[in-house]
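Work through the exercises below with the model open. Try each task before reading its solution.

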Amino acid sequence: MIKNTLFLLTILSFGFSQTTLYGLDGWYNINAVATAGGAGAIPNSESVRINPAGIAMLSKQIQLNLIKYPAGISAQSVVFVTALNNSNIGIGLRHLSYGNFISINEDGIENGTYTAGDTWLSAAWARNNKNI
């Protein structure tokens, strides 16, 4: 049953995937900001996005992050890592808000404001191989 489910999820992810948007490569986690983007080499909650094999060594955890950048840009993330049988699974939800913008029509008249952002849901599964 698990093999069929994983196979189906893999096929669906390939079928509905797209190339990475540059906005989604932003730093959503304080670990990434503190290491200037080099957090992928150290197993932490950001491993769900950068290096999924890193979650194999993590304990159960929930991490909430809010990073405010200049010009009203902000990044929020929630990452949950837990054990599942002999492996770990990590689920992350990230949102990058680009701020507020003024909406102007073709005649130069303001129509109000709008916001823009990207939201990203990711999951990773890893198992620590004790044979190596």
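**Exercise 1. Find the partners of Ala-126, then place Ala-126 in a core.**

Step 1. Skip the neighbours within four places in sequence; Ala-126 is then in contact (heavy atoms within 4.5 Å) with Pro-52, Ala-53, Ile-55, Ala-56, Ser-87 and Asn-88.

Step 2. A word on the input. This is a predicted model: local features need pLDDT of at least 70, side-chain atom pairs count only at pLDDT 80 or more, and totals for chains, interfaces and linings use all residues. Residues are numbered from 1 along each chain as its sequence is written, and side-chain values use heavy atoms, with hydrogens and water left out.

Step 3. Look for a nonpolar core, a set of buried Ala, Val, Leu, Ile, Met, Phe, Trp, Tyr and Cys residues joined through side-chain atoms within 4.5 Å. Buried means under 20% relative accessible area, exposed over 50%, and partly exposed in between (1.4 Å probe, protein chains only). The largest such core has seven residues: Ile-55, Ala-56, Leu-58, Val-79, Val-81, Ala-124 and Ala-126.

Step 4. Assign elements. Helices (H or I, at least four residues) and strands (E, at least two) are DSSP runs, numbered from the N terminus. β2 (74-84) and β4 (110-126) each supply at least two residues of this core.

Step 5. Set this in context. In soluble globular proteins, nonpolar side chains tend to be buried together.

**Exercise 2. Is Gly-112 buried, partly exposed or exposed?**

Step 1. Locate Gly-112: strand β4.

Step 2. Read its relative accessible area, 30%. Gly-112 is therefore partly exposed.

Step 3. List its contacts. Not counting residues up to four places away in sequence, Gly-112 touches Phe-101, Ile-102 and Ser-103.

Step 4. Check one distance. Gly-112 and Phe-101 are 11 residues apart along the chain, and their C-alpha atoms are separated by 8.6 Å.

**Exercise 3. Which element gives the most to the lining of the second largest pocket?**

Step 1. Take the lining: 14 residues, with Ile-2, Leu-6, Leu-84, Ile-89 and Trp-125 nearest the centre of the pocket.

Step 2. Sort by element. α1 (2-15), β3 (87-104) and β4 give two or more residues each. α1 gives the most, with four.

**Exercise 4. Summarise the fold of the chain.**

Step 1. Count the elements: two helices and four strands.

Step 2. Order them along the sequence: α-α-β-β-β-β.

Step 3. Gauge burial. Of the 132 residues, 30% count as buried.

Step 4. Gauge contact range. Among contacts with a separation of 6 or more, residues 24 or more positions apart account for 45%.

Definitions and conventions
On a 1 Å grid over the protein atoms alone, a cavity is a set of points where a 1.4 Å probe fits but cannot get out, and a pocket is an open set with protein on both sides within 12 Å along at least five of seven lines; lining residues have an atom within 4 Å of a point.
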